[in-house]
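Work through these exercises with the sequence and the model side by side. Try each task before reading its solution.

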Amino acid sequence: VIFFKMRGVYLSYISCESRKKLVPRLEEHVRWYLSCPIFFESRQYVQVILPDLGEYDVLIQVKACALRRIDTKTFCDLSPNVDQFSVGFEISGTITRVGSAVQRLLVSQDVVGLLPLDTESPGCAEYCIVPEYNLVPKPQSLSHVDAAAILAPALQAYTALYHHASRLGPKTTVMVLSAASADGQIIVQLCEVLETKVIAVVTSADEATLLTKSYPSLTRIMDLSSCKSLVTSCLQETGGLGVNCIIDAGVQPSYSLSDFIIESPLLRQQLEAEGHRHGYESAPPPTLCPTKHQIISCLAAHGCWITTQPDLQLDPPNSQLLFLKGASVHFLFTPVWLLSCDEQGTVLDMLTDIMKKAESRQLRPLITRTVTLDEVCEVFPMLGTASVVMKSEKLK
């Protein structure tokens, strides 16, 4: 019997300067183990110490895992008593063991899939346990790194364009904010598949140059750093009608802590600590981003605003403007697909279609860097908006 360490990355709380702080740690899985034979790429059978599985669970030898910012506030809202968080939810790897009731998947099959938010088995690990209904086969011609990197941004794009804005087509226009980001470019690529007109909004001349070279079919590229009025430019481009759908990447808040006079130093310190976000947690809105009123003003009649801002608040004048346009607001929170067992079939259909489009290069992930499992704890606090993938050392 060969004892194989099953290591994974978690975010754990530590005390720092009279408050709790989350830090990434590489830890060993602590479980009851069973011994079973596993077939490795070296074509030799070895004995590996593995955790026992549920009847519908699958044990994956992780080959690649996408690293993204973690919204710990959402975790705490869903599970208030959690003291550590798993890292990595989009994985690609090889099945090493299946539960007794698993029928769709086979041992040694390459798969890709998503882990639910409440998983105790992190995807950023050597092995992880995933429910059968969150996995689909990986195309042979698609690399593990690309497969893992494409999952989250593509699922977000599918949710926005196919689920929330289902009336899109060749005669409709979509405005994509932060279009040069990894998530934004996948939305642009999916709009090209739908033959939808795209107005891409960027924050610098370099981003505008990048999109011009990469996507020559874009209807218009608007640079917020040089654009005098986003609303005026949008209405000019659409003949005064506005766009049918806007997908944001955060909005400017209506107010900040500096707008209030707080006499108590202790209260101010508590409020600042409450609003503090670490570098590897949920990203703040970009420095150059439109206001809520500007976004609503760019919408056409019966338009659709799809937002990633979890604490969005609309003042009465903005609500009135939405009402007069007959427009709607949708919140883009893709993990909800795995929080409801009623949507398992829909998730599998979307993941299967994402893999087909990725294999045909209609969808292409933007990968900034690949790291090993041992490097994750060092890189994770500096993720920013970069697209980083954890790659197994055994994967060539």
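Four exercises with worked solutions follow.

The model is predicted: local features need pLDDT of at least 70, side-chain atom pairs count only at pLDDT 80 or more, and totals for chains, interfaces and linings use all residues. Residues are numbered from 1 along each chain as its sequence is written, and side-chain values use heavy atoms, without hydrogens and water.

**Exercise 1. Describe the protein as a whole.**

Step 1. Start with the helices and strands, which are DSSP runs numbered from the N terminus (helices: H or I, at least four residues; strands: E, at least two). The protein has eleven helices and 18 strands.

Step 2. Turn to burial. Buried means under 20% relative accessible area, exposed over 50%, and partly exposed in between (1.4 Å probe, protein chains only). Of the 396 residues, 48% are buried.

Step 3. Look at contacts (heavy atoms within 4.5 Å). Take those between residues at least 6 apart in sequence: 69% of them join residues at least 24 apart.

**Exercise 2. Place Glu132 in the fold and decide whether it is buried or exposed.**

Step 1. Find the residue. Glu132 sits in the loop between β9 (127-131) and β10 (135-137).

Step 2. Check its relative accessible area. The value is 2%, so Glu132 is buried.

Step 3. List its contacts, leaving aside neighbours within four places in sequence. Among them are Tyr56, Val58, Ala101 and Val102.

Step 4. Compare sequence and space for one partner. Val102 is 30 residues from Glu132 in sequence, and their C-alpha atoms are 6.7 Å apart.

**Exercise 3. Trace the open sheet that contains β13 and find its edges.**

Step 1. Write the order. Six strands run β13-β12-β11-β14-β15-β16, with parallel pairing. Two strands pair if DSSP finds at least two bridges between them.

Step 2. Find the edges. β13 (220-223) and β16 (328-331) each have a single partner strand, so one side of each lacks a neighbour in the sheet.

Step 3. Inspect one pair. Strand β15 (residues 299-307) is joined to β16 by four bridges. Within this pair, Cys304 stands opposite Ser328 in β16.

Step 4. Add the helix. Helix α8 (residues 316-325) packs on the sheet and touches β15 and β16; its direction makes about 130° with that of β15. Here axes are lines fitted to C-alpha atoms, for helices over the stretch in contact, and angles run from 0 to 180 degrees between N-to-C directions.

**Exercise 4. Locate Val336 and state how exposed it is.**

Step 1. Find its element. Val336 lies in helix α9 (residues 336-339).

Step 2. Read its relative accessible area. The value is 43%, so Val336 is partly exposed.
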